[in-house]
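This report describes the fold, the cores and the charged pairs of one protein chain. The sequence and the structure come before the discussion.

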Amino acid sequence: MNIILTTLNAKYIHTNLALRCLKAAAQPEFNPKIIEYTIKDPAFNIVSDIFQHKPDVVGFSCYIWNIEETIRVIRMLRVVSPQTKIVLGGPEVSYDVHDWLRRIEEIDFIVMGEGETSFKELLKYFNGDINLEDVPGICYLQGGKIKIHAQPAKIDLRDLPSPFRFEEDLPHLGKRIQYIETSRGCPFSCQFCLSSIEVGVRYFNREKIKEDIRYLMANGAKTIKFVDRTFNISRSYAMEMFQFLIDEHVPGVVFQFEITADIMRPEVIQFLNDNAPKGLFRFEIGVQSTNDLTNELVKRRQNFEKLKRTVTMVKEGGKIDQHLDLIAGLPEEDYSSFRQTFNDVFAMRPEELQLGFLKLLRGTGLRIQAKEYGYKYVDVAPYEIFSNNVLTFDEIIRIKQAEDVLEKYWNDHRMDNTIEYLVTEVFETPFDFFQNFGTYWEEKGWSRIGHQLEDLFTRLEEFLITQNIDQLPIIRSLMQLDYLSKQQFQPRKIWWKERLSEEEQKSIYQALKETPTLAGKEFAEMNVSEREFFKHSLIIPFAFDYKAYKNGQIVAQDTFLLTYFRQGQSPYFATLQLQKN
């Protein structure tokens with residue numbers, strides 16, 4: 001029997017763990033072939049490729065990000081290969097199965113929930129080994145009526161085979177994100193999340209997991225992401241795994257976790273701060289909202305003060321980047337409340353702040369309660385909301401505008417010095433800066449055209465000019481500092497127009513040649529020749545003293561900034577206290 005397991009990933013760099021779990025569980029009786037595509041691949045091309053494998057069975061892994069594209073593929077595949085059995089599984093089709101089976105007549109079977117047992121038994125049925133009635137956890141249409149088989153017993157995860165030992169994956173381990181799970185289930189009941197449906201947490205065999213991680217590292221994996229819903233729910237387990245990863249990590253490998261920050265003990269964080277190599281770990285922390293009523297309504301237990309303690313301790317340790325998540329549109333969180341949530345979380349200055357929008361996923365409590373909170377939402381995946389009883393569609397559009405520039409200007413860290421000054425010294429709150437700039441960005445039509453790095457600076461400057469800001473010269477110098485700090489060579493194209501004349505540059509060089517310490521002791525020790533100076537340095541008028549700024553003060557002063565570019569290093573900066581002509 002020729003079996004294909006496939007999915008449409010969001011990007012090429014992603015891999016689908018579910019397909020590999022199903023293949024491992026199906027062996028040795030069956031040996032499915034895994035073929036992965038992306039949602040950007042044309043449906044015709046995907047169908048052509050699948051057709052050429054002449055499959056008897058095709059199993060599709062379905063999620064909110066790929067279901068619509070998958071449906072197009074399924075309908076085309078049914079036309080060109082009518083004898084092929086089409087099986088769907090995954091979180092997007094495990095709920096509302098009546099709707100899926102009635103709406104997509106090309107589906108032969110849906111595997112509901114955890115699939116290792118059900119899919120293998122379904123293959124046995126296809127192979128003529130057992131009766132259809134003996135296959136658990138599936139649903140299908142029979143004589144126009146929907147048949148649903150009871151779920152199988154929960155799998156003992158400790159007995160599952162490794163999904164990482166397939167030879168065909170070896171060439172790709174270093175090029176794509178590798179996903180690994182050490183547990184299934186979640187102890188919490190957040191009503192917007194599918195994980196709330198499964199009660200309890202089950203663990204895989206720890207020693208097998210460690211062997212899998214060793215195997216992935218030994219074969220070139222660079223990014224390994226744990227998909228556990230709450231990696232640190234068991235402190236002893238998390239500590240054991242952290243210690244293992246610290247002890248046996250391979251340089252260049254990064255591990256990413258979803259953690260619940262308010263249950264993380266200070267001694268665990270201190271252990272990581274003391275022992276983890278910088279860059280080895282990355283934390284994803286779902287804050288979602290700081291509104292107590294909102295959290296209560298979605299059954300989300302969260303102690304924000306303890307969460308802040310964790311995030312702050314981790315940040316002060318300087319070893320671990322943190323990605324914090326917010327959700328706009330939760331019950332009773334109006335525009336003003338969300339502004340406060342944003343500012344509460346931004347105050348912690350996470351390396352990345354992901355601003356998402358509520359999606360009413362099939363099977364979740366909030367989708368069931370949609371009428372109660374006045375939700376209007378898109379009726380196709382990803383089911384994002386338009387509005388609710390306290391948040392209008394116009395307000396959601398405005399928040400999306402803020403999210404657009406948040407991504408470009410904060411999460412990409414192109415001008416940290418500038419943004420920090422703007423959100424602390426110029427605008428009333430961080431949210432007000434991102435909102436006002438985001439709205440201006442949209443009004444100018446910039447969201448519909450591309451941009452180069454220089455455009456981000458010129459567009460921010462254009463916006464700030466409209467705000468009648470007294471500190472504009474200082475902000476402009478901060479922008480120049482941010483731009484230059486990312487360069488290893490003197491940039492051929494700079495976004496500001498002012499240039500020093502050749503005579504001014506020569507005059508400054510002569511002064512530095514006579515007294516190199518004018519640019520600092522480190523510059524003097526570089527012993528820069530005239531040729532190197534003109535090739536690798538840039539001098540610009542500047543609005544404050546760089547040395548004082550490095551010590552935490554902005555001292556307004558008409559001066560010059562010397563930038564000396566060094567390949568493989570960050571540029572050297574120095575204030576030149578010279579008389580301006």
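What joins the side chains of E36 and R20? A polar contact of 2.7 Å links the two side chains. The model is a predicted one, and every value below is computed from it.

**Surroundings of E36**

E36 belongs to strand β2, which covers residues 33-38. The side chain of E36 also makes a polar contact with that of N9, at 3.0 Å. Leaving out residues up to four places away in sequence, E36 touches T7, N9, H14, T15, N16, L19, R20 and R176. N9 and R20, the two polar partners, are thus both in this list of neighbours. Is E36 buried or exposed? Its relative accessible area is 19%, and the cut-off for buried is under 20%, so E36 counts as buried.

**Overall architecture**

The chain contains 21 helices and 20 strands. Along the principal axes, its C-alpha atoms fill a box of roughly 95 × 55 × 50 Å. Of its 581 residues, 53% count as buried. The accessible surface of the chain is about 26,800 Å², and carbon and sulfur atoms account for 48% of that area. Among contacts between residues at least 6 apart in sequence, 70% join residues that are at least 24 apart.

**Nonpolar cores and a surface patch**

The largest nonpolar core has 123 residues. Which of its members touch the most other members? They are F242, F255, F281, F283 and F434. For F283, neighbours within four places in sequence are again set aside; the residues in contact with F283 are then F242, F257, I259, M264, L272, V314, I320, D321, Q322 and H323. F242 therefore appears both as a contact of F283 and as one of the core members with the most contacts to other members, while D321, Q322 and H323 are also among the contacts of F283. Another core, of 30 residues, lies apart from the largest one; its members include I50, C62, V73 and L88.

Nonpolar side chains also occur at the surface. F51, V79 and V80 make a nonpolar patch of about 260 Å². V80 is part of helix α3, residues 67-80. With a relative accessibility of 40%, V80 counts as partly exposed.

**Salt bridges**

Side chains of opposite charge can pair when their charged atoms come close. The structure holds 43 salt bridges. Three of these pairs are listed here with their N to O distances.

| Pair | Distance |
|---|---|
| R235 and E267 | 3.1 Å |
| R282 and E352 | 2.7 Å |
| E498 and R476 | 3.3 Å |

The salt bridge between R235 and E267 has its closest N and O atoms 3.1 Å apart. This pair links distant parts of the chain, with R235 in helix α7 (residues 235-248) and E267 in helix α8 (residues 266-275), 32 residues apart. R235 is partly exposed at 40% relative accessibility, and E267 is partly exposed at 38%.

The side chains of R282 and E352 meet at 2.7 Å, N to O. R282 lies in strand β13 (residues 281-288) and E352 in strand β15 (residues 352-357), so this salt bridge ties together parts that are 70 residues apart in sequence. Are R282 and E352 buried or exposed? Both are buried.

E498 and R476 form a salt bridge of 3.3 Å, N to O. E498 is in the loop between α17 (472-485) and α18 (502-514), and R476 is in helix α17, so the pair ties together parts 22 residues apart in sequence. E498 has a relative accessibility of 40% and counts as partly exposed.

Salt bridges also join into a network, whose members are E92, D96, D99, R103 and R362.

**The loop at G200**

Where is G200 found? G200 is in the loop between β9 (183-184) and β10 (202-203). It is partly exposed, with a relative accessible area of 31%. Apart from neighbours within four places in sequence, G200 is in contact with R184, G185 and C186. G200 and I64 are 136 residues apart along the chain, and their C-alpha atoms are separated by 24 Å.

Notes. Residues are numbered from 1 along each chain as its sequence is written. This is a predicted model: local features need pLDDT of at least 70, side-chain atom pairs count only at pLDDT 80 or more; totals for chains, interfaces and linings use all residues. Side-chain values use heavy atoms; hydrogens and water are left out. A nonpolar core is a set of buried Ala, Val, Leu, Ile, Met, Phe, Trp, Tyr and Cys residues joined through side-chain atoms within 4.5 Å. Buried means under 20% relative accessible area, exposed over 50%, partly exposed in between (1.4 Å probe, protein chains only). Contact means heavy atoms within 4.5 Å. Patches are made of residues with over 30% relative accessible area and no salt bridge: like charges are joined within 9 Å, nonpolar side chains (Val, Leu, Ile, Met, Phe, Trp, Tyr) within 5 Å. Accessible areas come from the Shrake-Rupley method with a 1.4 Å probe; for residues, only the protein chains shown count as cover. A salt bridge is a side-chain nitrogen of Lys or Arg within 4 Å of a carboxyl oxygen of Asp or Glu. Helices (H or I, at least four residues) and strands (E, at least two) are DSSP runs, numbered from the N terminus. A polar contact is a pair of N or O atoms within 3.5 Å; within protein, one must be able to donate a hydrogen and the other to accept it, and residues adjacent in sequence count only if both atoms are side-chain atoms.
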